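User: I would like to go through the labels attached to this model and see, for each one, which value and which cut-off stand behind it.

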Amino acid sequence: FNGWYIDNVNVNGVKDSGEEVTDAAGNVTKSVTVTNSNGSKLTKDTHYTVTYSKNTNAGTATVTIKGKGSYYGTLTKTFTISKQAASKCKASLSSTLYTYDGKVKTPSVTVTNAQGKKLTKDTDYTVKYASGRKNPGKYTVTVTFKGKYTGTKKLTLTIKPKAPAISSVKSASKGKATVKWNNVAGESGYQLFYSTSKIGSY
């Protein structure tokens, strides 16, 4: 008795709809089960071994099942690794709110995938900042995914105006006042609120 050829067994779990596991290194594996022609489930590492190749990036991965013990021969199966959508990933800025100080703002970006793994800039995604990012306003930061990820995410950073400081208030007659304040760079205009009594509303 020379054993059974592995090609005669039934392999389940490799097809595209089978359960998929991604480890911390980004390798994708399948929950593979093997049964013989009598329907008995075989034991991994006793009756067969399983190895993978090309199972990190999106595309076609290969599963090699090699007989062991009373089984011999090699059986090869393939499955498709789809690119992970941007909607399943998370992206955030180190800061989203700044006060105007005349300097360009470039917050760092942190991106994680659906498994919580931190992704690598220029390998898994690229970042594009809107031009300017110095004067008060809202600016967009676009994260474009690549490699085994696909899609984009848009983040927003806001630069708020620096509050002007009132330098003097003079009243020449009742109901009239002259107010002076320091100009704030980057501002195109101001709104002045006042009350006609100490306990009145603005």
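Analyst: Two strands count as paired if DSSP finds at least two bridges between them. The model is a predicted one, and the pairing of its strands is where I would begin.

User: What makes β6 and strand β7 a pair, and in which sense do they run?

Analyst: β6 and strand β7 (residues 59-67) are joined over six bridges, and the criterion asks for at least two, so the two strands count as paired. Their sense is antiparallel. One of the bridges can be followed in the model, as Ser 53 has Thr 62 in β7 as its bridge partner.

User: What is the order of the open sheet of three strands, and which are its edge strands?

Analyst: The order is β6-β7-β9, with antiparallel pairing. β6 and β9 are the edge strands, since each pairs on one side only. From one strand to the next, the twist averages 20°.

User: Why is one side of β12 and of β14 left without a neighbour in the sheet?

Analyst: The open sheet in question has four strands in the order β12-β17-β15-β14, and its pairing is mixed. β12 (97-99) and β14 (125-129) each have a single partner strand, so one side of each stays without a neighbour in the sheet. The twist averages 25° from one strand to the next.

User: How do you know that β14 and strand β15 pair?

Analyst: Five bridges connect β14 with strand β15 (residues 137-145) in the antiparallel sense, and at least two are required, so the pairing criterion is met. Within that pairing, Tyr 129 has Val 141 in β15 as its bridge partner.

User: Why is the pair of Tyr 52 and Phe 79 called edge-to-face?

Analyst: A pair of aromatic rings is described by the distance of the centres and the angle of the planes. For Tyr 52 and Phe 79 the ring centres are 6.4 Å apart and the planes stand at 80°; the centres must lie within 6.5 Å and planes over 60 degrees apart count as edge-to-face, so the label follows. The pair links distant parts of the chain, with Tyr 52 in strand β6 (residues 48-53) and Phe 79 in strand β9 (residues 74-81), 27 residues apart.

User: Which of Tyr 52 and Phe 79 is buried, and which is partly exposed?

Analyst: Phe 79 has a relative accessible area of 1%, and buried means under 20%, so Phe 79 is buried. Tyr 52 has a relative accessible area of 25%, which falls between the cut-offs of 20% and 50%, and therefore Tyr 52 is partly exposed.

User: How many aromatic pairs does the structure hold, and what makes the pair of Phe 145 and Tyr 149 tilted?

Analyst: The structure holds two aromatic pairs. Phe 145 and Tyr 149 are 6.4 Å apart from centre to centre, with 50° between the planes; since planes under 30 degrees apart count as stacked and those over 60 as edge-to-face, with the rest tilted, this pair is tilted. Phe 145 counts as buried at 6% relative accessibility, and Tyr 149 counts as buried at 5%.

User: How do you know whether Lys 54 is buried or exposed?

Analyst: Lys 54 has a relative accessible area of 68%, and exposed means over 50%, so Lys 54 is exposed. Lys 54 lies in the loop between β6 and β7, and its phi is near 55°, a positive value in a residue other than glycine.

User: What is there to say about the phi of Asp 45, and where does Asp 45 lie?

Analyst: Asp 45 has a positive phi of about 70°, although it is not a glycine, and Asp 45 lies in the loop between β5 and β6. At 45% relative accessibility, Asp 45 counts as partly exposed. The C-alpha atoms of Lys 68 and Asp 45 are separated by 7.3 Å, with their positions 23 residues apart along the chain counted as the spacing. Leaving aside residues up to four places away in sequence, Lys 68 touches Asp 45, Thr 46, His 47, Tyr 48 and Thr 49.

Key. Residues numbered from 1 in each chain as written. Predicted model: local features only at pLDDT ≥ 70, side-chain atom pairs only at ≥ 80, totals over all residues. Heavy atoms only, no water. Axes fitted to C-alpha atoms, helices over the stretch in contact; angles between N-to-C directions. Phe/Tyr/Trp six-rings, centres within 6.5 Å; stacked < 30°, edge-to-face > 60°. Buried < 20%, exposed > 50% of the residue type's maximum accessible area, 1.4 Å probe, protein only. Contact = heavy atoms within 4.5 Å.
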